[in-house]
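Welcome! Please take a look at the sequence and the 3D structure below, and then work through the exercises at your own pace.

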Amino acid sequence: MRDAARVACVSRAFAHSWRCHPNLTFSEDTFGLDENTCQEDNIMRCFTNKVDQILKHHSGIGVKTFNLQVYSVYDEKDNCHLLRLDSWLQIVVKRGIEELVLNPLGIMGAKYNFPCSLFSDDAGESLQHLSLTVCEFHPTVKIGCLKSLTTLQLHIVHIEDGELECILASSFTLEKLDLMYCSEIIFLKIPCLQRLSCLEVSTCSKLKAIESKAPNLSSFRFAGDLHVKLSLGKALKIKELYRQCKDAAYYARTELPSRMPNLERLSIYSQTEAVNAPILPSKFLHLKYLIALDRMDYDFLSLVSFFDASPSLETFTLDVIPGLREPVSIFDDPSALRMMPEHHQNKLKSVHINNFSSARTLVELTCHIVVSTKSLECLTLDTNKGWPKCSDDEETDSCFLMSEAALAEAERALSAVQTYVKPKVSYTVELNVLEPCSQCHADEEL
């Protein structure tokens, strides 16, 4: 920004081009604002002044992208920032704008009411991407036709069922709908949008039902309770599913093979897991990628049910997170490992387990994969909690430091690999065991 200002002082051509600059992205980062450049309580004031100066000299013509990210919190009693936000939008939201991203997180206490009247004329006809975060959004039939809109993202937005239906009814080209923490939505109705292929709904607390008539929906991400009624029309076309709920593994194994038989990528995230995935005759005939996130105290060997049901599975990723109780370590119960020799996998090539530990059931699952999967090419066991290491990133000076308990468990995990897993690994398999950075943690001890 400083260089641009200097050049503008000596170049009329550059100054003119800056007044017509089509892509405007404003945030504390782009302005270099932090506690080192200005006092913490003045960051918001510096930010608004800079945006004011830029837009004051901008013609408002030809803006295609307006991206505003506000993270610094200010006193919500001071509403001058909201008034400026309205004036900024009046300048940039005109016919020809294609992308509008508004994230006034820093003023969330003020509950900004997005002026839908901006789209009442033809200003919304060119809009392709609309992303709103932390605001009130109340569109009506007067909002006009958003005939070019392909992506609608609403996060922490107050909008009611009928208002959302209103904007969807005028968005014939919509391809992706993303709703997160929209607490006022109770019954989500999606009309017959021919181009809608991706639907994401996450943690909408009052949601009771989702009804979609979109015929070409291929990707569905949903984080919500099992009691939410799902009616997705032709679910046979859905190839990618992310599901976060209680007992997600059990739900996926018992319900999905019949409801979504053509899944190719499945991600399951268990908020709580009390029921094991059962062995059933139903199949995921087309499933190639399986990603599971389960708690440490889960019986991981039960996930073999998915391997048995997925003859086309090629990649398996398991993310392990802390459980409600400590799991039984393989070293605390040295009895013979459970095995399931009747279950084999012929296409599985890559397995990655993040936050690998000495938990008995996790070691049992790993040994089962190694013994029963002749097609296996690469096995990665990460005892570093999946965090990046200083050796992996040139911009990272040091690793994320682990607690003493986590380091002790990482040592037990490494011992479990050496004792139980490595002797069973074929010479044709690439075994990668990732461990905490000895240099960074040695420095911390010093």
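**Exercise 1. Find where P311 is placed, and which residues it touches.**

Step 1: P311 sits in the loop between helix 8 (304–309) and strand 15 (315–321); helices (H or I, at least four residues) and strands (E, at least two) are DSSP runs, numbered from the N terminus.

Step 2: With a relative accessible area of 41%, P311 is partly exposed. On this scale buried means under 20% relative accessible area, exposed over 50%, and partly exposed in between (1.4 Å probe, protein chains only).

Step 3: Neighbours within four places in sequence set aside, P311 is in contact (heavy atoms within 4.5 Å) with F284, L285, Q345 and K347.

Step 4: From C-alpha to C-alpha, P311 and H286 are 7.8 Å apart in space, while 25 residues separate them in sequence.

A note before you go on: this is a predicted model, where local features need pLDDT of at least 70 and side-chain atom pairs count only at pLDDT 80 or more, while totals for chains, interfaces and linings use all residues. Residues are numbered from 1 along each chain as its sequence is written, and side-chain values use heavy atoms, with hydrogens and water left out.

**Exercise 2. Work out the order of the strands in the open sheet of three strands.**

Step 1: The order is 7-9-11, and the pairing is parallel; two strands pair if DSSP finds at least two bridges between them.

Step 2: Strand 7 (187–190) and strand 11 (229–231) each have a single partner strand, so one side of each is left without a neighbour in the sheet.

Step 3: Averaged with direction ignored, neighbouring strands here are turned by 5 degrees against each other. The axes are lines fitted to C-alpha atoms, for helices over the stretch in contact, and angles run from 0 to 180 degrees between N-to-C directions.

Step 4: Strand 9 (residues 209–212) is joined to strand 11 by three bridges, and E211 has S231 as its bridge partner.

**Exercise 3. Trace the salt bridges of E125.**

Step 1: A salt bridge is a side-chain nitrogen of Lys or Arg within 4 Å of a carboxyl oxygen of Asp or Glu. The count by this rule is 11 salt bridges.

Step 2: One of them joins R95 and E125 (3.2 Å, N to O). R95 lies in the loop between helix 5 (80–92) and strand 3 (99–104), and E125 in the loop between strand 3 and strand 4 (129–136), so the pair ties together parts that are 30 residues apart in sequence.

Step 3: K147 also forms a salt bridge with E125, the closest N and O atoms being 3.8 Å apart. K147 is in the loop between strand 4 and strand 5 (151–158), and the two residues are 22 residues apart.

Step 4: R95 is exposed at 55% relative accessibility, whereas E125 is partly exposed at 24% and K147 is partly exposed at 46%.

**Exercise 4. Are R360 and E364 buried or exposed, and which network do they belong to?**

Step 1: Both lie in helix 9 (residues 360–372), four residues apart, about one turn of the helix.

Step 2: Their side chains meet in a salt bridge (3.4 Å, N to O), and both residues are buried.

Step 3: Salt bridges with shared partners join D299, D333, R338, R360 and E364 into one network.
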